[in-house]
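Hi everyone, thanks for making time for this. I'll walk you through one structure, taking charged side chains to begin with and strands after that.

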Amino acid sequence: MLRRAVSCFLSQTYRSRELLVLYQEDDHISRDYLAGLGEPSVLPVEIPCSPRLSTGLLRNAALEVARGHYVALWDDDDWHGPTRLAEQISAIASTAKPGCVLSRLVLYDGLTQSAFLSATRTWEGSLVAERTAVPAFPDLRQGSDTPSINRMLGDRTLVGLDRPELYIYVYHGGNTWNRAHWEANLLGFAHPLSRDDSDRVRSLLTLERE
């Protein structure tokens with residue numbers, strides 16, 4: 001999944017960018033992979049194994065070392081289209097809002113190898129925003145992005161972009177949220193795509209992982 005996340009990042013058409021990869025000090029596989037990339041725009045950030053930080057605190061740690069004017073959440077479970085950063089930053093510039101989220105995504109169930117078009121909502125994991133406009137994330141293992149996004153929604157600092165082809169949300173069985181959450185809260189409101197579309201999504205995920 002890390003290889004796929006890095007591949008998606010390096011394929012972005014938005015050129016002025018850096019990818020911060022946080023990994024624990026005992027994760028030698030990730031450390032060695034990142035060291036061997038030889039890619040200056042991918043910045044490894046080693047963190048201690050103890051105390052074990054929640055997802056929210058890890059995101060805050062990344063915000064502290066980020067150097068760009070904008071920041072983007074970049075989930076290593078998922079696939080990010082090559083124009084994702086460019087299109088979301090363009091939406092920010094055209095509306096004068098400091099943040100942008102996607103209003104629909106493609107969902108891919110890796111256990112059944114089926115793809116779906118999501119319902120319309122604020123998809124927290126797709127956030128791109130001015131770094132100074134992002135509230136601190138709470139110390140939560142699950143759902144740490146929701147309170148921050150809800151605060152930005154309340155402050156009217158987000159624009160929605162309806163470009164589901166820019167993001168594939170992947171369920172693989174080891175996600176932060178479990179199967180019950182996936183079926184009840186995501187698939188329960190999604191529209192199934194054709195078998196041909198599902199096959200294309202699977203092929204795309206496999207290609208980006210290689």
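So, which side chain does the side chain of E165 meet in a salt bridge? The partner is R163, and the N to O distance is 2.0 Å. Keep in mind that what you're looking at is a predicted model, so that distance is computed from the model's atoms.

Let's stay with that pair for a moment. R163 has a relative accessible area of 26%, so R163 is partly exposed. E165 comes out at 42%, and that puts E165 in the partly exposed class too. And the pair isn't on its own: E87 joins R163 and E165 in a network of salt bridges.

How many salt bridges are there in total? The count comes to ten. I'll show you two others from that set.

Here's one I like. The side chains of D162 and R104 form a salt bridge, with 2.8 Å from N to O. Now find those two in the sequence: they are 58 residues apart, so this pair links distant parts of the chain. D162 sits in the loop between β9 (158–161) and β10 (167–171), while R104 sits in the loop between β5 (99–102) and β6 (106–109). Both ends have some access to the outside: D162 is partly exposed at 43% relative accessibility, and R104 is partly exposed at 23%. If you're wondering why R104 isn't called buried, the cut-off for buried is under 20%.

Compare that with R202 and D199. Their side chains also meet in a salt bridge, at 2.9 Å from N to O. But here both residues lie in helix α7, which covers residues 195–209, and they are three residues apart, about one turn of the helix. R202 is partly exposed at 27%, and D199 is partly exposed at 26%.

Okay, on to the strands. Please look at β6. Which way do its side chains point? V106 and Y108 go one way, L107 and D109 go the other way, and all of them are buried. That's a pattern worth learning: in a regular strand the side chains alternate between the two faces of the sheet.

Who are the neighbours of β6? Strand β7, residues 114–117, runs antiparallel to β6, and four bridges join them. In that pairing, V106 stands opposite L117. The hairpin they make has four residues between the strands, and Q113 there takes a positive phi near 55 degrees. β6 also pairs with β10, this time in the parallel sense, again over four bridges. There you'll find D109 opposite Y171.

Last stop: an open sheet. It has four strands in the order β3-β8-β5-β9, and the pairing is mixed. Why is one side of β3 and of β9 left without a neighbour in the sheet? Because β3 (70–72) and β9 stand at the edges, each with a single partner strand. From one strand to the next, the twist averages 20 degrees.

Inside that sheet, have a look at β5 and β8 (residues 128–130). They pair in the antiparallel sense over two bridges, and G99 stands opposite A129 in β8.

To tie things up, remember that β9 is an edge strand of the open sheet, and the loop that follows, between β9 and β10, holds D162, with its salt bridge partner R104 in the loop between β5 and β6. Try tracing that link on your own screen. Thanks!

Definitions and conventions: Residues are numbered from 1 along each chain as its sequence is written. This is a predicted model: local features need pLDDT of at least 70, side-chain atom pairs count only at pLDDT 80 or more; totals for chains, interfaces and linings use all residues. Side-chain values use heavy atoms; hydrogens and water are left out. A salt bridge is a side-chain nitrogen of Lys or Arg within 4 Å of a carboxyl oxygen of Asp or Glu. Buried means under 20% relative accessible area, exposed over 50%, partly exposed in between (1.4 Å probe, protein chains only). Two strands pair if DSSP finds at least two bridges between them. Axes are lines fitted to C-alpha atoms, for helices over the stretch in contact, and angles run from 0 to 180 degrees between N-to-C directions.
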